[in-house]
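Biologist: Before I rely on words such as buried, parallel or edge strand, I would like to hear the reasoning behind each of them. Could you take me through it with the model in front of us?

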Amino acid sequence: MTAVPAVTLHNVELRHGARVIVSGLSGTFAPGSLTALVGANGSGKTTLLRALAGLHPLAAGRIDRGGLRPRDIALLAQGSHLDRAFPITCEEVVALGGSRLGPFRAVDAKRWAAARAALDRVGLAGMEHRQIQALSAGQFQRVLFARTIVQEASLILLDEPFTAVDAATTCLLLSVIRDWHAQGRTVIAVLHDLELVRRHFPRTLSLTDATGTWDVLPDRALQAA
């Protein structure tokens, strides 16, 4: 993996229609940092995550991604848009979902092997050919994590990654996040469980109260006006 750049926000403002969601947000996510993004419902957490991925336009300001390309950024959105009734297997979801596949490129043997290894990492070995419609919510979330693994992204954005999963699955997925952090990837996750944040995320940005105890980003602390 190439060196991961810092991601810097310069006076970012985000809106939904005429309503301002986030304003005056400036600061830096350090390379290889592990950050929880917290705040009240409607404070702009998901919108900020989508803006970091380049999927939500900025009303004002600028985001400097340090040269990261779209293929270098992985977004695991809350509530997948995949049609669970569509006849597709776990292995196919993982192998076909990564942004590193260009248009009209076939999936090669190396890619299939990477998909199977990722499924094994999330505890779904032997379920490669199971249809996603037969999965529980927790199993499907594991598949989405496996798909994120094979993307090999430098910047990983997770929106409520532990929603509707049990404690055992949460522990397993946390171990995957720790792997990404150990590999030097930058990980930003939207979370609501503050105890989980305290125990597992060394840096936190609160959009509700950026000057409070949750704002522990080093260097230029992120602040919301």
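Modeller: What follows is a conversation about how the descriptive words are reached, and the model is a predicted one.

Biologist: Let us begin with helix 1, then: why is threonine 47 called buried?

Modeller: Threonine 47, which lies in helix 1 (residues 45-52), has a relative accessibility of 8%, and buried means under 20%, so threonine 47 counts as buried. Leaving aside neighbours within four places in sequence, threonine 47 is in contact with Leu14, His16, Ile21 and His56.

Biologist: And what makes leucine 52 buried?

Modeller: Leucine 52 is also found in helix 1, and its relative accessibility is 0%; since the limit is under 20%, leucine 52 counts as buried. Beyond its neighbours within four places in sequence, leucine 52 is in contact with Val7, Leu9, Phe29, Ile63, Arg65, Ile73, Leu155, Leu157 and Ile188. Aspartate 64 is twelve residues from leucine 52 along the chain, and the C-alpha atoms of the two are separated by 9.3 Å.

Biologist: Which sheet does helix 1 pack on, and which strands does it touch?

Modeller: That sheet is an open one of three strands in the order 2-1-4, with antiparallel pairing, and the twist averages 25 degrees from one strand to the next. Helix 1 packs on this sheet, touching strand 1, strand 2 and strand 4, and its direction makes about 125 degrees with that of strand 1.

Biologist: What makes strand 2 and strand 4 the edge strands of the sheet ordered 2-1-4?

Modeller: Strand 2 (19-29) and strand 4 (60-64) each pair on one side only. Strand 1 (residues 7-16) is joined to strand 2 by seven bridges, the two running antiparallel, and leucine 14 stands opposite valine 22 in strand 2.

Biologist: How do you know that strand 5 and strand 6 pair, and in which sense do they run?

Modeller: Two strands pair if there are at least two bridges between them, and four bridges join strand 5 to strand 6, so that the requirement is met, with the strands running parallel. Alanine 74 stands opposite isoleucine 156 in strand 6, while leucine 76 has leucine 158 as its bridge partner there. Strand 6 and strand 7 pair in the parallel sense as well, over five bridges, and isoleucine 156 stands opposite valine 187 in strand 7. These strands belong to an open sheet of five, ordered 5-6-7-3-8, whose edge strands are strand 5 (73-76) and strand 8 (203-206).

Biologist: Why is strand 6 described as largely enclosed by the rest of the structure?

Modeller: Five of the five residues of strand 6 are buried, and strand 6 is therefore largely enclosed by the rest of the structure. Leu155, Leu157 and Asp159 point one way from strand 6, whereas Ile156 and Leu158 point the other way, and all are buried.

Biologist: Turning to the helices, why are helix 4 and helix 5 called roughly parallel to each other?

Modeller: Helix 4 (residues 137-151) and helix 5 (residues 167-182) pack at an angle of about 10 degrees, with axes 11 Å apart. Angles under 35 degrees count as roughly parallel, and helix 4 and helix 5 are therefore described that way. Their contact is made by Gly138, Gln141, Arg142, Phe145, Thr148 and Ile149 of helix 4, together with Thr169, Leu172, Leu173, Val176, Ile177 and Trp180 of helix 5. The residues of this contact divide into seven nonpolar, four polar and one charged.

Biologist: What covers the buried residues of helix 5?

Modeller: The buried residues of helix 5 include Thr169, Leu173, Val176 and Trp180, and among the elements that cover the buried positions are strand 3 (34-38), helix 3 (109-121), helix 4 and helix 6 (194-200). Helix 5 lies across strand 3, strand 6 and strand 7, running at about 155 degrees to strand 6.

Biologist: Finally, how does the span of helix 5 stand against the expected one?

Modeller: Helix 5 has 16 residues and reaches 22 Å from its first C-alpha to its last, which is close to the 22 Å expected at 1.5 Å a residue. Just after helix 5, glycine 184 takes a positive phi of about 90 degrees.

Conventions
Residues numbered from 1 in each chain as written. Predicted model: local features only at pLDDT ≥ 70, side-chain atom pairs only at ≥ 80, totals over all residues. Heavy atoms only, no water. Buried < 20%, exposed > 50% of the residue type's maximum accessible area, 1.4 Å probe, protein only. Contact = heavy atoms within 4.5 Å. Axes fitted to C-alpha atoms, helices over the stretch in contact; angles between N-to-C directions. Parallel < 35°, antiparallel > 145°, perpendicular 65-115°, else oblique. Nonpolar A, V, L, I, M, F, W, Y, C, P; charged D, E, K, R; others polar. Expected span 1.5 Å × (residues − 1).
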